Amino acid sequence: MRNAFIEELVQAAFVNEKIALVVGDLGYGVVEPFASQFPKRFFNSGVAEQNMMGFSAGLASEGFHVFVYSIANFPTFRCAEQIRNDVDYHQLPVTVVAVGGGVAYGNLGYSHHAVQDYALMRAMPNMLIASPGDPMEVRACMRYLIKNPQPSYLRLGKAGEKNLHPEVPELTPGKWLKLGSGNVQKTFLTTGAPLALAKSWLEDNINYSDFAIHSLPLWGMKWKSMQIEQIREWEEILTLEDHLLDGGFGSWLLESSISQSNLLQRLRLKYLDPSVCGSVGKQEVLNAMGGLAP
Amino acid sequence: MVHRARASHIASALSIVDILAVLYGRVMNISPSLIKSETRDRFILSKGHACVALYSTLAEMNIIAKTELETYGEDFSWLMNHVSHKVPGVEFSTGALGHGLPFGVGKSLAAKASNEIWRVFVLLSDGEMDEGSNWEGFMFAAHHRLDNLTAILDYNKLQSLDTISNTLGLEPLRAKLESFGWHVKEVDGHNHDELFEALTSKSADKPLFIIAHTLKGKGVSFMENKVEWHYKNPNDEQLALALAELGEENA
């Protein structure tokens, strides 16, 4: 996902001279193509995230679309108030980019686990969350964000994820994206990297053979009201996310249909149990231990 | 305004009135017709709680109407009690401290990246100097040689509960800032000529920091240098007394 991100960014920066990249002293082996081709629009803030987010908002207020790249919780929680006040409130085109969504950096420990980031970002009224499920969705998210600059949060996995979509899909915020087809009444609904889990469960597990797969890579507070009509089309929806239940994606979907008890009954949620907080292990091990198992 | 709204922070506002008068009256490239212009100078009030001083300055500059000032503190007034970017002429909303300088750094970077010559002014409070984000910004601005950036410190030596020196000492402040790579000037923050000279001085290749020594509550004898007027609201009698004193001084 990291590589798809930087490829899309570099490509866009050739055309759009208002695209800037800010890094929090992270991105070795990733950001060099941008830094070397656009040195005047590349800034390393050093290890200082509050200033990083504040000056990114300042740059954005003068017409730049600023991508702020760092790892896990550093570009979110460490500078949460700068995102809330400077970026989101002023509705500035800053895209916060975090690599290592969920427990992608499982062995690095709790500091590097991003399992509460949706909770923070979806509490901001102007924030568009972009949580792609494969490199194709990364490209699709980037193309959408570059065409529609706004306060946004791009949550990436790591490197080496397989393509699950055959081509770069067209995205609309709040609208579920279908992966494959089938005449069925049940569906997975994923955001972020667990898209791959849904695909493997469907292929390998008889309990899910009658499920469709949908992902929702672009979502947030503004698009919650679009969910009821999409939920209504399915008898059962199973959400998958590598985030805690509290403030997460499944909870967001539940909130969308809070006034319709018949729809609430159609939702089943899979998410990470708080027992992952403080555990270390490979991503797949922590995901399974935390509840992302068939 | 503050009396009518039963609001706080009158002393914090009086502390910066002279700085704003010199900036808007003599230094900045700004006027009612320029507030959306690319070439205007940008001003950021980082101590957003002193917004009445800025709203009043904008009214004096005819950027907002003086009658608007009377809505201050009313329900749904756009003149909210911490400075708001929804007011014409205001670049940035603050209220949480330690946000203005990094934001100004971004604007300065943008000007440099676009080869523009407009300047950025950020007015900081002394209590706000406790915030780590400012020191992150000081390092970054010096590293990038942002000589189009000027920070002005309203150094009235009082913060919310007590004096600066009893809370979290800043001294030796000048030496600290110089060691951070800034060009530093110290002035009497109520002396217009000293302010003008410092604000228009050149600081080749370095950002400029002006330590403006001020008096919190300046111009109203019973508010001057009194911690309690950070929060207190003047009653009718105090208002009349304050207006009389300010009137006499102006006359």
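This text walks through a predicted model with chains A and B, from whole chains down to single residues.

Chain B is a convenient place to start. Its secondary structure consists of 10 helices and 5 strands. The radius of gyration of chain B is 17 Å, close to the 18 Å that the globule rule gives for 251 residues, so chain B is as compact as a globular protein of that length. Measured out along the principal axes, its C-alpha trace spans about 50 × 45 × 35 Å. Of the 251 residues in chain B, 47% count as buried. Contacts in this chain often link distant parts of the sequence: among those between residues at least 6 apart, 74% join residues at least 24 apart.

One residue of chain B shows such a link. Ile44(B) is part of strand β1, which covers residues 42-45 of chain B. Ile44(B) counts as buried because 24 C-beta neighbours lie inside 10 Å, and the cut-off for that class is 20 or more. The C-alpha atom of Ile44(B) is 6.3 Å from that of Leu123(B), although 79 residues separate the two along the chain. Setting aside neighbours within four places in sequence, Ile44(B) is in contact with Glu91(B), Phe92(B), Gly100(B), Phe103(B), Gly104(B) and Val122(B).

Chain A is described by its domains. The assignment gives domain 1 as residues 2-155 and domain 2 as residues 177-290. Taken over C-alpha atoms, the centres of these two domains of chain A are 24 Å apart. Where they meet, 28 residues of domain 1 are in contact with 31 residues of domain 2. On the domain 1 side, α5 (117-121), β5 (128-130) and α6 (135-147) of chain A each supply at least two residues. Of the elements on that side, α6(A) gives the most, with 4 residues. By class, this side of domain 1 has 15 nonpolar, 9 polar and 4 charged residues.

Within chain A, strand β8 (residues 186-190) has 4 of its 5 residues buried, so the strand is largely enclosed by the rest of the structure. Strand β8(A) runs parallel to strand β9 (residues 211-215) of chain A, and 5 bridges join the two. In one of these pairings, Thr190(A) has Ser215(A) in β9(A) as its bridge partner.

The two chains also touch each other. In this interface, 23 residues of chain A are in contact with 18 residues of chain B. On the chain A side, α3 (49-61) and α4 (80-89) are the elements that give two or more residues. Helix α3(A) gives the most, with 9 residues. The chain A side divides into 7 nonpolar, 11 polar and 5 charged residues.

The last topic is the nonpolar interior. In soluble globular proteins, nonpolar side chains tend to be buried together. The largest nonpolar core here has 160 residues, and those with the most contacts inside it are Val68(A) and Ile210(B). The largest share of this core, 7 residues, comes from α6(A). Domain 1 (2-155) and domain 2 (177-290) of chain A both give residues to this core, so the core lies between them. In chain B, Ile210(B) touches Thr150(B), Ile152(B), Leu153(B), Lys185(B), Val187(B), Ala198(B) and Leu199(B), leaving out residues up to four places away in sequence.

Methods
Residues are numbered from 1 along each chain as its sequence is written. Chains are lettered from A and ligands numbered from 1 in the order in which they are written. This is a predicted model: local features need pLDDT of at least 70, side-chain atom pairs count only at pLDDT 80 or more; totals for chains, interfaces and linings use all residues. A residue is buried if 20 or more other C-beta atoms lie within 10 Å of its own, exposed if 12 or fewer, and partly exposed in between; C-beta atoms are placed from the backbone. Two residues are in contact if their C-beta atoms, placed from the backbone, lie within 7 Å. Domain bounds come from an automatic or database domain assignment. Ala, Val, Leu, Ile, Met, Phe, Trp, Tyr, Cys and Pro count as nonpolar, Asp, Glu, Lys and Arg as charged, and the others, Gly among them, as polar. A nonpolar core is a set of buried Ala, Val, Leu, Ile, Met, Phe, Trp, Tyr and Cys residues joined through C-beta atoms within 7 Å. The radius of gyration is taken over C-alpha atoms; the globule rule is 2.2 Å times the number of residues to the power 0.38. Two strands pair if DSSP finds at least two bridges between them.
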